[in-house]
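Me: Please take a close look at one part of this molecule with me. I would like to hear about the lining of its largest pocket, and then about what surrounds it.

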Amino acid sequence: MKVMGKDTFELQIVINDEKVSGVLGYRFHEKDSNEGLISGELHDNVLRANYHFKSEGVNSTRPVVFKLMGDQVYEALPNGADSSGQPAFNDDDAKLKYDVTPYKKIPCE
């Protein structure tokens with residue numbers, strides 16, 4: 001879980017070899033929130049996944065990237081957007097930039 005001000009973000013994942021699945025939620029205070037499923041692959045502690053979610057009644061998919069470091073997870077920041085408006089991330093894991101505030105491990109509810 002990551003809390004920034006009144007916004008709360010939650011990530012729950014299951015890792016099976018290199019395959020990863022789970023739930024991701026972005027709960028923004030007084031703004032549209034969304035929650036959905038992620039599925040992707042983990043290589044060298046970098047998770048590249050697709051996030052399938054519903055927001056304002058519309059089903060969407062977008063890429064997400066996370067770095068797993070012990071009991072903390074850092075969300076990668078996109079370099080920009082591709083031609084369809086989707087977030088674009090550097091293909092070179094070493095060149096990815098991450099949000100400075102990590103998700104911290106908490107007991108599952």
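Reply: By class, twelve nonpolar, four polar and seven charged residues make up the lining of the largest pocket. Keep in mind that this is a predicted model. The lining has 23 residues. Leu11, Gln12, Ile13, Ile106 and Cys108 are the ones nearest the centre of the pocket. The volume of this largest pocket is about 610 Å³.

Which elements give two or more residues to the lining? They are S2, S3, strand S7 (72-77) and strand S11 (103-104). S2 gives the most, with five residues.

Now compare the second largest pocket. About 180 Å³ of space lies in it. Its lining divides into seven nonpolar, no polar and four charged residues. Lys2, Phe9, Tyr26 and Arg62 are among the residues that line this second pocket. So are Glu75, Ala76 and Leu77. Pro78, Pro87, Phe89 and Asp99 belong to the lining too. Here S7 gives the most, with three residues. Recall that S7 also gives two or more residues to the lining of the largest pocket.

Next, the strands and their salt bridges. Side chains of opposite charge can pair when their charged atoms come close. The structure holds five salt bridges. One of them joins glutamate 10 to arginine 27, with the closest N and O atoms 2.2 Å apart. Glutamate 10 is in strand S2 (residues 7-16), and arginine 27 is in strand S3 (residues 19-27). The two are 17 residues apart, so the pair links distant parts of the chain. Is each end buried or exposed? Glutamate 10 is partly exposed, with a relative accessible area of 27%. Arginine 27 is partly exposed too, at 33%.

Arginine 27 has another partner. Its side chain meets that of glutamate 35 in a salt bridge of 2.5 Å, N to O. Glutamate 35 is partly exposed, with a relative accessible area of 43%. Because salt bridges here share partners, Glu10, Arg27 and Glu35 are joined into one network.

Another salt bridge starts in S3. Lysine 19 forms it with glutamate 41, and the closest N and O atoms are 2.7 Å apart. Lysine 19 lies in strand S3 and glutamate 41 in strand S4 (residues 34-43). These two residues are 22 apart in the chain, and the pair links distant parts of it. Glutamate 41 is partly exposed, with a relative accessible area of 31%.

From S4, follow the chain onward. S4 and strand S5 (residues 46-55) run antiparallel, joined by nine bridges. Isoleucine 38 stands opposite tyrosine 51 in S5. The two strands form a hairpin with two residues between them. In that turn, aspartate 44 has a positive phi of about 50 degrees.

S5 also pairs with strand S6 (residues 58-69). This pairing is in the antiparallel sense, over ten bridges. Valine 46 stands opposite lysine 67 in S6. Lysine 54 has asparagine 59, in S6, as its bridge partner. S5 and S6 form a hairpin with two residues between them. Glutamate 56, in the turn, has a positive phi of about 55 degrees.

S6 then leads back to S7, the strand that helps to line the largest pocket. Four bridges join S6 to S7, and the two run antiparallel. Leucine 68 has valine 73, in S7, as its bridge partner. This hairpin has two residues between the strands, and glycine 70 takes a positive phi near 65 degrees.

One last stop is alanine 88, in strand S9 (residues 87-88). What does alanine 88 contact, leaving aside its neighbours within four places in sequence? The answer is Pro78, Asn79, Gly80, Ala81 and Asp82. Pro78 appears in the lining of the second largest pocket as well. Alanine 88 is partly exposed, with a relative accessible area of 26%. Asparagine 59 came up in the pairing of S5 and S6 as the bridge partner of lysine 54. Alanine 88 and asparagine 59 are 29 residues apart in sequence and 19 Å apart in space, C-alpha to C-alpha.

How values were computed: Residues numbered from 1 in each chain as written. Predicted model: local features only at pLDDT ≥ 70, side-chain atom pairs only at ≥ 80, totals over all residues. Heavy atoms only, no water. Salt bridge = Lys/Arg side-chain N within 4 Å of Asp/Glu carboxyl O. Buried < 20%, exposed > 50% of the residue type's maximum accessible area, 1.4 Å probe, protein only. Contact = heavy atoms within 4.5 Å. Pairing = 2+ DSSP bridges. 1 Å grid on protein atoms, 1.4 Å probe; cavity = no way out; pocket = protein on both sides within 12 Å on 5 of 7 lines; lining within 4 Å. Points joined across faces, edges and corners; volume = space filled by probe spheres on them. Nonpolar A, V, L, I, M, F, W, Y, C, P; charged D, E, K, R; others polar.
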